[in-house]
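Here are my notes, set out point by point. Please read them with the structure open beside you.

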Amino acid sequence: MARVHSLKYILSFTCSIALNLFLVSMFIRNRCQQNWTQEAMAEAEAVSSISCSGHGKAFLDGLLLHGKPVCECNMCYGGSDCSQLQPDCMVDADSGDPTFLEPFWVKNAASSAIVIAGWHRMSYEYSDGSLISEELKAHIRNVHASVGNAITDGKYIIFGAGATHLLNAAVHALSSKASSSPTKVVASTPYYPVYKEQTEFFNSEDYKFNGDTSMWNNDTSNSTFIELVTSPNNPDGHMKKAVLQGQFVKRIHDLAYYWPHFTPIVAPADEDLMIFTLSKLTGHAGSRFGWAIINDEAVYKRMLTYMDLSTYGVSRETQLRVMKLLKVVLSGNGREMYEFGHNTMKNRWSKLSKVLSQSKRFSTQKLKPQHCSFSQQIRTPSSAFAWLKCETSILEDRSCYEVLKEVNITGREGSLFGADNRYVRLSLVRSEDDFDLLLRQINKLVSVEINDKHVATTSTILRQSNETTLLLTAGVNVVNRTLDLRMELETLNSNIFPRQNGLYTTIDLSFN
Ligand SMILES: Cc1ncc(COP(=O)(O)O)c(C=O)c1O
């Protein structure tokens, strides 16, 4: 009997050990499976902890030094940790790289991060055979509904590798094959240069770029037109309206900047073909993602064919990332990103306008405040670009672009926008560092003008006084002693003005 008991005991003990071993192995297997993100997470955290002094960033796919990613510094900053500001460096205000939103995404790093498994959507198509994530499409409709900037109900949506890709798809889809002459692609000056560059580059038999819309306003030839309407406009931020009318006119509404960061939302746009881009909504220009909202099924199908044959859709990794970003945009009260964007742009405009208000040589576009249905406030547009005009007095025989280049600012020449060389476009959507450097250079430019004005005024007063020599008395609070300086009127120049804190002080002039 005792033997039977002990056998039973051994059996149940062995079973219990086997069961425990099985459970432990299952637990370990599960943990291993659950933790496949750990390595990726550690890598991402390690790179984000590299300090670049607030003037740069290290990236996982950046250059490596001793196996570690190195800092990629903002313009004009250098050194291994980007802490050195390079003197006399050229300030780039040319490209509309919208990195002004980067601080928002740094703050929202946790909610906007994604992990992409090695096996994620390897197929050419989604399981429904399409190239478009239906879920992402739904998010896009929600974003428009929450901002109130476009009607999407009952309309088709198509994705592209940025608005750049969609613009040509739209021109292709709208150009007429039936007409004996190529469809004329036109835009009102000043227009976004890519319209002309892209149309000319593709050199199609079906369409040709034909310049400024106003040249075709009274056309009676029954030509077919595609008018590109950009609102707010790049470069000047104006809410442009279509100019050409009639049955032979088709339109592409480029609404890249119709977001609360840049302009009051006056009403939901409800056009036949509207193009938007992630670059100007969330600032993720590098993700190369845009979308078109289309009324007409035939146009939608032609654009779809273009997309199929040019790229076979937008990268699935991009679509996943965009969806995550839009979730953040829509989260909370769905306003946080827009408030950040609007406040940043408003501050930049207020600083720039303050400096330029002292100038008679340089001015920017004037945009009227309007009621914004999104914020329920009257808001002045805070355009992505300053469309700077140089007065002829400063130009002599140079272009405005050259005038700025002389003070180390690179803008984009007015002539590229179909405008004249008195204009230059300055980008205000770049990083805080870039904007600060731009403002510093503009300040210098205006200080020179203020100084020139003082010299001119002083010279005039002296000429009117008919003196050939003068005695200069500097106020005691300026240099604490009296200057008894006799000099020829003709040699009077800026050197007589002592500099204080970078500004020129006025000297009392008294004659004896
Ligand atoms: C008016 C306008 N349309 C389209 C684009 C192109 O945008 P994306 O970055 O999506 O190609 C830009 C970019 O600056 C733009 O200013």
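Which residue takes a positive phi just after helix 10? Gly 332 does, at about 60°. Keep in mind throughout that this is a predicted model.

1. Overall make-up. The protein has 15 helices and 25 strands. Of its 512 residues, 33% are buried. Take the contacts between residues at least 6 apart in sequence: 66% of them join residues at least 24 apart.

2. Helix 10, geometry. This helix covers residues 316-330, 15 residues in total. From first C-alpha to last, helix 10 reaches 21 Å. That is close to the 21 Å expected at 1.5 Å a residue.

3. Helix 10, buried residues. Seen from the N-terminal end of the list, Thr 318, Gln 319 and Arg 321 are among the buried residues. Val 322, Leu 325, Leu 326 and Val 329 are buried too. Why do these residues fall on the same side of helix 10? Because they cover an arc of only 165° around the axis.

4. Helix 10, packing partners. The buried residues of helix 10 pack against four helices, namely helix 4 (109-112), helix 5 (134-147), helix 8 (278-281) and helix 11 (336-356).

5. Helix 9, geometry. Helix 9 runs over residues 297-310 and has 14 residues. The distance from its first C-alpha to its last is 20 Å, close to the 20 Å expected at 1.5 Å a residue. Just after helix 9, Tyr 312 takes a positive phi of about 55°. Compare the entry for Gly 332, just after helix 10, where phi is positive at about 60°.

6. Helix 9, two sides. Val 299, Met 303, Tyr 306 and Met 307 are buried in helix 9. They cover an arc of only 95° around the axis, so they lie on the same side of helix 9. On the other side, Glu 297, Ala 298, Asp 308 and Leu 309 are exposed.

7. Helix 9, packing partners. What do the buried residues of helix 9 pack against? Strand 8 (156-160), strand 13 (273-277) and strand 14 (290-294) are partners, and helix 6 is another.

8. Ligand shell. The ligand is surrounded by 13 residues. The closest are Gly 162, Ala 163, Thr 164, Thr 277 and Ser 279. Helix 6 (residues 162-174) gives the largest share of the shell, 3 residues. How does the shell divide by class? There are 8 polar, 4 nonpolar and 1 charged residues. Note that helix 6 also packs against the buried residues of helix 9.

9. Sheet 15-18-21-20. Here 4 strands form an open sheet in the order 15-18-21-20, with antiparallel pairing. Strand 15 (362-363) and strand 20 (412-413) each have a single partner strand and stand at the edges, so one side of each is left without a neighbour in the sheet. Strand 15 pairs with strand 18 (residues 385-390) in the antiparallel sense, over 2 bridges. Within this pairing, Phe 362 stands opposite Cys 390 in strand 18.

10. Glu 45. Look for this residue in helix 2 (residues 38-48). Is Glu 45 buried or exposed? Glu 45 is exposed, because it has 10 other C-beta atoms within 10 Å, and 12 or fewer count as exposed. Leu 60 is 15 residues from Glu 45 along the chain, and their C-alpha atoms are separated by 9.9 Å.

How values were computed:
Residues are numbered from 1 along each chain as its sequence is written. This is a predicted model: local features need pLDDT of at least 70, side-chain atom pairs count only at pLDDT 80 or more; totals for chains, interfaces and linings use all residues. The expected span of a helix is 1.5 Å times one less than its number of residues. A residue is buried if 20 or more other C-beta atoms lie within 10 Å of its own, exposed if 12 or fewer, and partly exposed in between; C-beta atoms are placed from the backbone. The arc is that of the directions from the helix axis to the C-beta atoms. Two residues are in contact if their C-beta atoms, placed from the backbone, lie within 7 Å. A residue is near a molecule or strand if its C-beta atom, placed from the backbone, lies within 6 Å of it. Ala, Val, Leu, Ile, Met, Phe, Trp, Tyr, Cys and Pro count as nonpolar, Asp, Glu, Lys and Arg as charged, and the others, Gly among them, as polar. Two strands pair if DSSP finds at least two bridges between them.
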